[in-house]
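Here's a quick tour for anyone meeting this structure for the first time. Have a look at the fold below, then read on topic by topic.

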Amino acid sequence: MFNKEYVFEEILPFFKNLNEEEKNELISKSSVTKYEKGEIVHSKNSTCTGLLLTLSGNFRVFISAPSGRQITLFKLYDRDVCMLSASCAFANLTYDVNLEAQTKAEAIIIDSSLLKKLASSNFQVMNYLLNLTQDKLSEVMYVLEQATFFSLDERITNYLLEQSRFLDSSILYITHESIANELGSSREVISRILKRFEKDGKIHVSRGKIEIINL
């Protein structure tokens, strides 16, 4: 069982500056929720979900087209915070994004209306939320830059190397479909490029698994 007050003190820099009434309201109007792998936490059709604080596992923030094609904007790991799922509480700040649990995960959800109330009366809360949004916007701009100026070959290479560094392993248990969803491409195109990489001796591909040899 997570102690919400301890987590808020650790993650939210403004928490220590709230008065006791505000602290108690923040604690009472937040909930710890568990998610299964692949569960959609928030979508563009959702009501205001609230501010999400990751306790364990990881989440993926992505946008999708009517065709079903997806592209990942950024990911959330242990102690990361997602403002976009609460942006609908603020006027003129809306994002049609989806939030998905990539593993079994647990998070604290803070009520959006309370967040808006605190931000309107406390400059430090508003400043934190603006900085948080700015940080995530920087990550989104990186994805946009990659999608616009880099070839898909380069983007796949970068993605596989990033995953290898993150997992500290040359063996990645990942499907072609999931790579396509990460990079905004189709499974068929990803499979064709990976097959060429394998022919060139850069990787070895098997079902649900990619081994990096000389990427």
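Strands β4 and β5 pair antiparallel, with 6 bridges between them. Keep in mind that this is a predicted model. The two strands are a handy way into the chain, since the sheet, a helix that packs on it and a buried lysine can be reached from there.

**The β4-β5 hairpin**
- β4 and β5 make a hairpin, and 5 residues sit between the two strands.
- In that turn you'll find Gly 68, whose phi is positive at about 100 degrees.
- If you want one bridge to look at, try Phe 59, which is partnered with Leu 76 in β5.
- How many of the residues of β5 are buried? The count is 7 of 7, so to speak a mostly covered strand.

**The sheet around it**
- The hairpin belongs to an open sheet of 4 strands, and the order is β2-β7-β4-β5.
- The pairing in this sheet is antiparallel.
- As a general point, strands of a sheet pair through backbone hydrogen bonds, and they can do that parallel or antiparallel.
- Which strands stand at the edges? They are β2 (40–42) and β5 (70–76).
- Each of these edge strands has a single partner, so one side of each has no neighbour in the sheet.
- Going from one strand to the next, the twist averages 35 degrees.
- Over at β2, 2 bridges link the strand to β7 (residues 98–101), and the two run antiparallel.
- Within that pair, Ile 40 sits opposite Glu 100 of β7.

**α6, between the sheet and α7**
- Helix α6 packs on the sheet, where it touches β4 (59–64) and β5.
- The direction of α6 makes about 85 degrees with that of β5.
- α6 (residues 176–183) also meets another helix, α7 (residues 187–199): their axes come within 8 Å and cross at roughly 110 degrees.
- An angle of 65 to 115 degrees counts as roughly perpendicular, and α6 and α7 are therefore roughly perpendicular to each other.
- The crossing of α6 past α7 is right-handed.
- On the α6 side, the contact is made by His 176, Glu 177, Ile 179 and Ala 180.
- On the α7 side, the contact is made by Arg 187, Ile 190, Ser 191 and Leu 194.
- Sorted by class, the α6-α7 contact has 4 nonpolar, 2 polar and 2 charged residues.

**α3 crossing α4**
- Helix α3 (residues 112–121) and helix α4 (residues 123–149) have axes that come within 5 Å and cross at roughly 115 degrees.
- α3 passes α4 with a left-handed crossing.
- From α3, the residues that meet α4 are Leu 115, Leu 118, Ala 119 and Ser 121.
- From α4, the matching set is Phe 123, Val 125, Met 126 and Leu 129.
- What's the make-up by class? This contact has 7 nonpolar residues, 1 polar residue and no charged ones.

**Three residues to click on**
- Lys 136 is in helix α4. Is Lys 136 buried or exposed? Lys 136 counts as buried, because its relative accessibility is 9% and the cut-off for buried is under 20%.
- Leaving out residues up to four places away in sequence, Lys 136 touches Phe 74, Leu 76 and Val 81. You've met Leu 76 already, as the bridge partner of Phe 59.
- Asn 127 is also placed in α4, but Asn 127 counts as partly exposed, at 32% relative accessibility.
- Asn 127 and Ile 11 are 116 residues apart in sequence, and their C-alpha atoms are 15 Å apart in space.
- Glu 21 is in helix α2 (residues 20–28), and Glu 21 is exposed, with a relative accessible area of 62%.
- Glu 21 and Arg 69 are 48 residues apart in sequence, and their C-alpha atoms are 46 Å apart in space.

**The chain as a whole**
- The chain has 7 helices and 11 strands.
- The chain has 215 residues, and 45% of them count as buried.
- Measured out along the principal axes, the C-alpha atoms fill a box of roughly 65 × 35 × 25 Å.
- Of the contacts with a separation of 6 or more, 69% come from residues 24 or more positions apart.

How values were computed:
Residues are numbered from 1 along each chain as its sequence is written. This is a predicted model: local features need pLDDT of at least 70, side-chain atom pairs count only at pLDDT 80 or more; totals for chains, interfaces and linings use all residues. Side-chain values use heavy atoms; hydrogens and water are left out. Axes are lines fitted to C-alpha atoms, for helices over the stretch in contact, and angles run from 0 to 180 degrees between N-to-C directions. Angles under 35 degrees count as roughly parallel, over 145 as roughly antiparallel, 65 to 115 as roughly perpendicular and the rest as oblique. A crossing is left-handed if the near helix is turned anticlockwise from the far one by less than a right angle, and right-handed if clockwise. Contact means heavy atoms within 4.5 Å. Ala, Val, Leu, Ile, Met, Phe, Trp, Tyr, Cys and Pro count as nonpolar, Asp, Glu, Lys and Arg as charged, and the others, Gly among them, as polar. Two strands pair if DSSP finds at least two bridges between them. Buried means under 20% relative accessible area, exposed over 50%, partly exposed in between (1.4 Å probe, protein chains only).
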